[in-house]
Amino acid sequence: MVTKLTLEYDGGGFAGWGRQPGLRTVQEELEGALRTILGETGVDGRPLRLRVAGRTDAGVHAWGQVASYAHEAVDPQRLNSLLADDLSVLAAEPAPAGFDARRDASSRTYCYRVLARRARSALERGRALWWPGRLDRAALERCASVLPGKHDFTAFTPSESEHSRFQCRILRAQWSTRDLAAGGVLLEFWIEADNFRRHMVRTLVGTMLDVAAGTISGERFELLLAGSPRSKAGKTAPPHGLALASVSYAPLVPPILESA
């Protein structure tokens with residue numbers, strides 16, 4: 001018996017997804033609510049623990065995070081009554097035997113939001129990076145256009161990293177823009193891949209913004225995708241502009257029944 005949860009949360013008040021001693025995390029709060037209702041042990045006889053599709057860092061939001069656990073589904077309203085207002089369970093549904101939110105994910109999609117205008121925003125301050133300086137939108141689009149495909153993202157991963165593989169296959173990458181009534185533009189960078197390295201999206205965005213500001217060339221950005229060291233890429237954009245937008249899973253193929 002496995003349950004699949006779909007979640008959203010404001011990452012501003014959390015030290016990330018994973019449990020950390022003395023810090024407030026999404027995993028700890030959600031597991032605590034589940035254990036209050038279901039008890040300490042899953043149906044597999046092990047401590048009730050969540051598996052998550054993507055371990056978000058401190059300050060990163062989620063619009064469609066997915067987690068799984070080995071126990072029956074619980075009414076989301078009942079779970080939400082035990083959770084703070086910045087964390088919400090959107091759905092809880094039975095999943096196939098053996099389903100694992102992390103291992104079975106075929107891709108994940110992230111969105112990074114940038115507010116480009118001279119005046120700061122009172123409403124987007126925790127949801128988008130404020131960018132009051134020069135910004136070449138065509139340069140951003142050119143950077144995004146070279147991302148689809150398989151590349152080595154060593155340059156976009158922290159030097160001190162637990163990762164041993166740095167290759168990821170980007171399925172789509174694009175910038176979208178929306179003119180704001182009060183002036184300025186809200187830009188969103190959408191990227192979907194089979195997997196991501198830590199800080200990868202934020203460093204991609206920070207480096208693309210450096211290209212758009214004229215401090216890094218577009219040619220240099222493209223060369224970074226061949227496995228350059230981290231020191232060759234740009235800065236890491238702050239976490240509050242980033243959200244895990246959705247997680248995709250391959251459709252289940254029903255077993256073939258042999259005829260009698």
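**Helices, core packing and loop geometry**

R24 is positioned over the face of F14, at 4.0 Å from the ring centre. This arrangement, like the others reported below, is taken from a predicted model. Close by in sequence, Q20 belongs to the loop between β1 (2-9) and α1 (26-38). With a relative accessible area of 32%, Q20 falls in the partly exposed class. When residues up to four places away in sequence are not counted, Q20 touches A15 and T25. A separation of 39 Å was computed between the C-alpha atoms of Q20 and S217, which are 197 residues apart along the chain.

The helix that follows this loop, α1, comprises 13 residues; at 1.5 Å a residue these should span 18 Å, and the end C-alpha atoms are indeed 18 Å apart, so the expected and computed lengths agree. The buried residues of α1 are V26, Q27, L30, E31, A33, L34, R35, I37 and L38. Charged side chains are thus listed beside nonpolar ones, with E31 and R35 both buried. The packing partners of the buried residues of α1 are β1, β3 (61-69), α2 and β4. After α1 comes G39, for which phi is positive, near 100°.

A residue of α1 also has a counterpart in a later loop. S81 is located between α2 (76-80) and β4 (87-95), and its C-alpha atom is separated by 9.0 Å from that of A33, although the two residues are 48 residues apart along the chain. A33 is among the buried residues of α1, whereas S81 counts as exposed because its relative accessibility is 57%, and the limit for that class is over 50%.

The interior of the model was examined next. In soluble globular proteins, nonpolar side chains tend to be buried together. Here the largest nonpolar core has 73 residues, and F156 and F189 are those with the most contacts inside it. The element giving the most to this core is α4, with eight residues. Not counting residues up to four places away in sequence, F189 touches Y110, C111, Y112, A144, L147, A173, Q174, W175, V201, V205 and M208. The other residue singled out in the core, F156, forms one aromatic cluster with F153 and F221. In the structure as a whole, a search finds seven aromatic pairs.

Helix α4 (residues 200-213) was considered in its own right. Its 14 residues should span 20 Å at 1.5 Å a residue, and the distance of 20 Å between its end C-alpha atoms agrees with this value. Of these 14 residues, 13 are buried, and α4 is therefore largely enclosed by the rest of the structure. Residues with positive phi were found on both sides of the helix. H199 lies in the loop between β9 (185-193) and α4. Most residues other than glycine have a negative phi, and most peptide bonds are trans. Against this background, H199 has a positive phi of about 65° although it is not a glycine. The relative accessibility of H199 is 22%, so this residue counts as partly exposed. Just after α4, G214 adopts a positive phi of about 90°.

The cysteines were then inspected. A disulfide is a covalent bond between the sulfur atoms of two cysteines. The structure holds zero disulfides. For C111, the nearest cysteine sulfur is that of C143, 17 Å away, and C111 is in no disulfide; the cut-off for such a pair is within 2.5 Å. C168 is likewise in no disulfide, and the nearest cysteine sulfur, again that of C143, is 18 Å away. C111 counts as buried, because its relative accessibility is 0%. A relative accessible area of 0% also places C168 in the buried class. C111 is, in addition, one of the residues that F189 touches.

A further loop contact involves the aromatic cluster. G227 is found in the loop between α5 (218-224) and β10 (242-249), and its relative accessible area of 29% makes it partly exposed. The C-alpha atoms of G227 and F153 are separated by 5.9 Å, although these residues are 74 residues apart along the chain. F153 belongs to the cluster with F156 and F221. Outside the window of four places in sequence, G227 touches D152 and T154.

Methods. Residues are numbered from 1 along each chain as its sequence is written. This is a predicted model: local features need pLDDT of at least 70, side-chain atom pairs count only at pLDDT 80 or more; totals for chains, interfaces and linings use all residues. Side-chain values use heavy atoms; hydrogens and water are left out. Helices (H or I, at least four residues) and strands (E, at least two) are DSSP runs, numbered from the N terminus. The expected span of a helix is 1.5 Å times one less than its number of residues. Buried means under 20% relative accessible area, exposed over 50%, partly exposed in between (1.4 Å probe, protein chains only). A nonpolar core is a set of buried Ala, Val, Leu, Ile, Met, Phe, Trp, Tyr and Cys residues joined through side-chain atoms within 4.5 Å. Contact means heavy atoms within 4.5 Å. Rings of Phe, Tyr and Trp (its six-membered ring) pair if their centres lie within 6.5 Å; planes under 30 degrees apart count as stacked, over 60 as edge-to-face and the rest as tilted. A charge sits over a ring if NZ of Lys or CZ of Arg is within 6 Å of the ring centre and within 35 degrees of the ring normal.
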